[in-house]
Amino acid sequence: MKIPKKYKGILKKNKDKSKIQKEEKEEIKKPPSLKKRLKNFTVSAISHAVKGMPTCTQEEIDERMSICQKCRYFSNSRCVKCGCSCNNNKKFLNKLAWADQECPVGKWPKVEKKEK
Ligand code: SF4
């Protein structure tokens with residue numbers, strides 16, 4: 001079947017649009033490079049140490065986790081925006097457990113801890 005000329009432009013435009021959308025989706029699921037993740041982690045770890053390594057309560061971690069699980073940047077227990085590990089554990093290598101950390105796109109804030 002021959003497609004009339006006037007529709008060819010529309011078809012090409014739609015094809016280009018879906019290609020761009022597919023590329024954007026792949027970009028979202030792609031974490032930053034190892035070099036960038038190491039840099040992010042080093043900067044965050046130094047800042048965390050300087051502030052006295054404040055940690056979140058399990059409730060605060062769970063609350064952050066529920067926000068991350070609904071986020072389009074969340075993939076395989078990792079935030080693909082910053083490359084950090086995000087899980088429910090109260091472990092050292094978990095961005096959600098560090099009270100002084102905040103979401104890179106502003107979905108959850110730092111938790112202010114009062115000094116004892
Ligand atoms: S830290 Fe922020 S950007 Fe990353 S997955 Fe969680 S809510 Fe999304």
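This briefing covers the overall build, the ligand shell and selected residues of one chain. The model is predicted. Mean pLDDT for the chain is 86. Three helices and two strands make up its regular elements. The chain is divided into two parts, domain 1 (1-30) and domain 2 (31-116).

**Confidence**

- A pLDDT of 70 or more is reached by 93% of the residues.
- Helix α3 (residues 58-69) has the highest confidence, with a mean of 95.
- Helix α1 (residues 5-29) has the lowest, with a mean of 74.

**Fold and dimensions**

- Starting at the N terminus, the order of elements is α-α-α-β-β.
- The helices therefore precede the strands along the chain.
- Domain 1 covers residues 1-30, and domain 2 covers 31-116.
- The centres of domain 1 and domain 2, taken over C-alpha atoms, lie 37 Å apart.
- The radius of gyration of the chain is 20 Å, whereas a compact globule of 116 residues would have one near 13 Å.
- The C-alpha trace spans about 75 × 30 × 20 Å along its principal axes.
- Buried residues make up 13% of the 116 in the chain.
- Among contacts with a separation of 6 or more, 52% join residues 24 or more positions apart.

**Ligand shell**

- Which residues surround the ligand? They are I67, C68, C71, Y73, F74, C79, K81, C86, C103, P104, V105 and K107.
- By class, this shell holds 10 nonpolar residues, no polar ones and two charged ones.
- The charged pair is K81 and K107, because Lys counts as charged.
- Cysteines in the shell include C68, C71 and C79, and they fall in the nonpolar class because Cys is counted there.

**Residues with positive phi**

- Most residues other than glycine have a negative phi.
- M53 is not a glycine, yet its phi is positive, at about 50 degrees.
- M53 sits in the loop between α2 and α3.
- Is M53 buried or exposed? M53 counts as exposed, because it has 12 C-beta neighbours inside 10 Å and the exposed class takes 12 or fewer.
- S77 also carries a positive phi, of about 55 degrees, and is not a glycine either.
- The loop between β1 and β2 (78-79) contains S77.
- S77 has 14 C-beta neighbours inside 10 Å, so it counts as partly exposed.

**Two further positions**

- F41 belongs to helix α2 (residues 34-50).
- F41 is partly exposed, because 17 C-beta neighbours lie inside 10 Å and a buried residue needs 20 or more.
- F41 and C82 are 41 residues apart along the chain, and their C-alpha atoms are separated by 9.0 Å.
- R72 lies in the loop between α3 and β1 (74-75).
- R72 has 11 other C-beta atoms within 10 Å, so it is exposed.
- Between the C-alpha atoms of R72 and I10 the separation is 30 Å, with these positions 62 residues apart in chain numbering.

Notes: Residues are numbered from 1 along each chain as its sequence is written. This is a predicted model: local features need pLDDT of at least 70, side-chain atom pairs count only at pLDDT 80 or more; totals for chains, interfaces and linings use all residues. A residue is near a molecule or strand if its C-beta atom, placed from the backbone, lies within 6 Å of it. Domain bounds come from an automatic or database domain assignment. Helices (H or I, at least four residues) and strands (E, at least two) are DSSP runs, numbered from the N terminus. The radius of gyration is taken over C-alpha atoms; the globule rule is 2.2 Å times the number of residues to the power 0.38. Two residues are in contact if their C-beta atoms, placed from the backbone, lie within 7 Å. pLDDT is the predictor's confidence in each residue, from 0 to 100.
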